[in-house]
Amino acid sequence: MNQNILVIDDDQDLCKVLSNFLKKSNYGVSVAYDAESGLDILRKEKFDLVLCDYRLPDMTGVEALQRIKVLSPESAVIIITGYSDVQTAVETFRYGANDYVTKPLYPDELLVTVKETISKNQDKLQVRSGKSVPEKTSEGSKNSAFIQGTSKASQTVQEHVNLIGPTDMSVLIIGETGTGKEFIANSIHQKSERAGKPFIAIDCGALPKELAGSELFGHMKGSFTGAIADKPGSFEMAKGGTIFLDEIGNLSYENQVKLLRVIQERKIKRIGGQKDIPIDVRIIAATNENLTEAIQNGDFREDLYHRINEFKITLLPLRDRKNDIMTFAEHFLNLANQSLKKSVKGFSEEVVKYFLDYQWHGNLRELNNVVKRSVLLTQGDQVEAKSLPDEITKPKLLNKTNSNDDGLSLKAASEEAEKEAIINALEASRYNKSKAAELLEIDRKTLYNKLKQYNIKDY
Ligand SMILES: Nc1ncnc2c1ncn2[C@@H]1O[C@H](COP(=O)(O)OP(=O)(O)OP(=O)(O)O)[C@@H](O)[C@H]1O
């Protein structure tokens, strides 16, 4: 049966082109020019994928995404965005977007992203419904796509993963969007005795409040409108395996209480059910927000925090572990060559410099997408700067013209250099702050102040 795609974009010409192209590639396609019409279509039909513009005339990208997830939690969503919006569009990942593509859209690149996204989403749905997913040998396989970073920070993370993997401790992974939290969670699972059992990833940010309880803990027929049959929740489906709760800070208070009970008593009750069901799962949680602050504000339970935080792993933003950038870029280049059937060999020196200087707010996910796009556009042997988006090659000029901001000033340049020196010292000292302060010839207190000033994550 054909897979169905819904395209929501106010650019009617783009919709026409996309629709023709996707139909030629054997997808069933429906089109809407604003979010409300798209949501109307979603109320009537099921879609494997929604391709949704980030800037719609009637609502913001995040709002559209949240409403899509309420109506059709099982559809994958790819956000279409202009490169200048990438920095804000990456926020949609907190609400369950599966990937993003940047305008101008290129058919080959889009097709690869569409195929991969639908396939990964179906694997997830299958695992959640209790069916095993056949091992894949292509680039779709998590294991074949996983690599270790080469920065000191990544090596330390890997040591921790190796240590903590075989235990049954709960782990809290902290990091910005796209830093690889789910990949690390999966790697911890693979190193444990639970490896042959399910790894179920739940995006708490994408779960509509009204469905979250049922999704996690299951329900009994008739317990609420729409509960047409008994349904096991993710905790039951993960039997013997690991559950990965991404964006755990988004769980409602009520579900936090239920989760605490699962952890303390190792059993659950389905919604509307009487029976206690024993649960054997390891919990790995992730967040990109400051849970301590959420606790102080009364939004997150402190007792739950201590339970999920038996071990903490912090993934630094890519811009703060620069040694990883080219390691991952080479890896993504190989993957892009495979999926786009190209044979680009590497990156020009200029490109390497741009990559090292860029801020990568979407982290590894953004790097992957930029490399994929540049491989597609490369005719010769190596990726040249002209294949990169302007935001990467001219960030300061684009962002700073017509503003009083001193991005081009000596002060900004020396602050940038200072920040880099601090990051290098931290890496060299394996995040031992006393040693880093010594290397920098400043005292610890000054170092702490600078970490705060430059928003360098505490490792
Ligand atoms: N160790 C790794 N090896 C190879 N690719 C990686 C690795 N970690 C991350 N990636 C790439 O980065 C993308 C984002 O990773 P992941 O989904 O694990 O990030 P995340 O921190 O969980 O993001 P979010 O918070 O938005 O859910 C992956 O799809 C993959 O392409």
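Helices and strands are taken here as DSSP runs, helices (H or I) of at least four residues and strands (E) of at least two, numbered from the N terminus. The exercises below concern a predicted model.

**Exercise 1. Describe the span that UniProt assigns to the Sigma-54 factor interaction domain.**

Solution. The unreviewed UniProt entry places this domain at residues 147-376. Within that span, helix accounts for 45% and strand for 14%. The C-alpha atoms at the two ends of residues 147-376 are 22 Å apart.

**Exercise 2. Determine whether D53 is buried or exposed, and identify its contacts.**

Solution. Step one is the annotation: the unreviewed UniProt entry lists D53 as a modified residue, 4-aspartylphosphate. Step two is the location, for D53 belongs to strand β3, residues 49-53. Step three is the neighbour count. A residue is buried if 20 or more other C-beta atoms lie within 10 Å of its own. D53 has 24 such neighbours and is therefore buried. Finally, with neighbours within four places in sequence set aside, D53 is in contact with I8, D9, D10 and I80.

**Exercise 3. Characterise the packing of helix α7 against helix α8.**

Solution. Begin with the geometry: α7 (residues 152-164) and α8 (residues 181-190) have axes 8 Å apart and pack at an angle of about 35 degrees. The crossing of the two helices is right-handed. Next, assign the residues. Helix α7 brings V157, V161 and I164 to the contact, where they meet I184, S187 and I188 of α8. By class, the residues of this contact comprise five nonpolar, one polar and no charged.

**Exercise 4. Which residues come nearest to the ligand, and what is the make-up of the shell around the ligand?**

Solution. The ligand has 18 residues around it, of which F93, G180, K181, E182 and L364 come nearest. Two elements, α8 and α16 (363-377), give two or more residues to the shell. Sorted by class, the shell holds six nonpolar, eight polar and four charged residues.

**Exercise 5. Place L340 in the fold and explain why L340 counts as partly exposed.**

Solution. L340 lies in helix α14, which covers residues 323-340. The buried class requires 20 or more neighbours, and the exposed class 12 or fewer. Because L340 has 19 C-beta neighbours inside 10 Å, this residue counts as partly exposed. With neighbours within four places in sequence left out, the contacts of L340 are D108, V112, V375 and L376. A further separation can be read from C-alpha to C-alpha: L340 and L111 stand 9.7 Å apart in space, although 229 residues apart in sequence.

Note on methods
Residues numbered from 1 in each chain as written. Predicted model: local features only at pLDDT ≥ 70, side-chain atom pairs only at ≥ 80, totals over all residues. UniProt positions renumbered as here; feature names shortened; annotations may be inferred. Contact = placed C-beta atoms within 7 Å. Axes fitted to C-alpha atoms, helices over the stretch in contact; angles between N-to-C directions. Left-handed = near helix turned anticlockwise from the far one by under 90°. Nonpolar A, V, L, I, M, F, W, Y, C, P; charged D, E, K, R; others polar. Near = placed C-beta within 6 Å.
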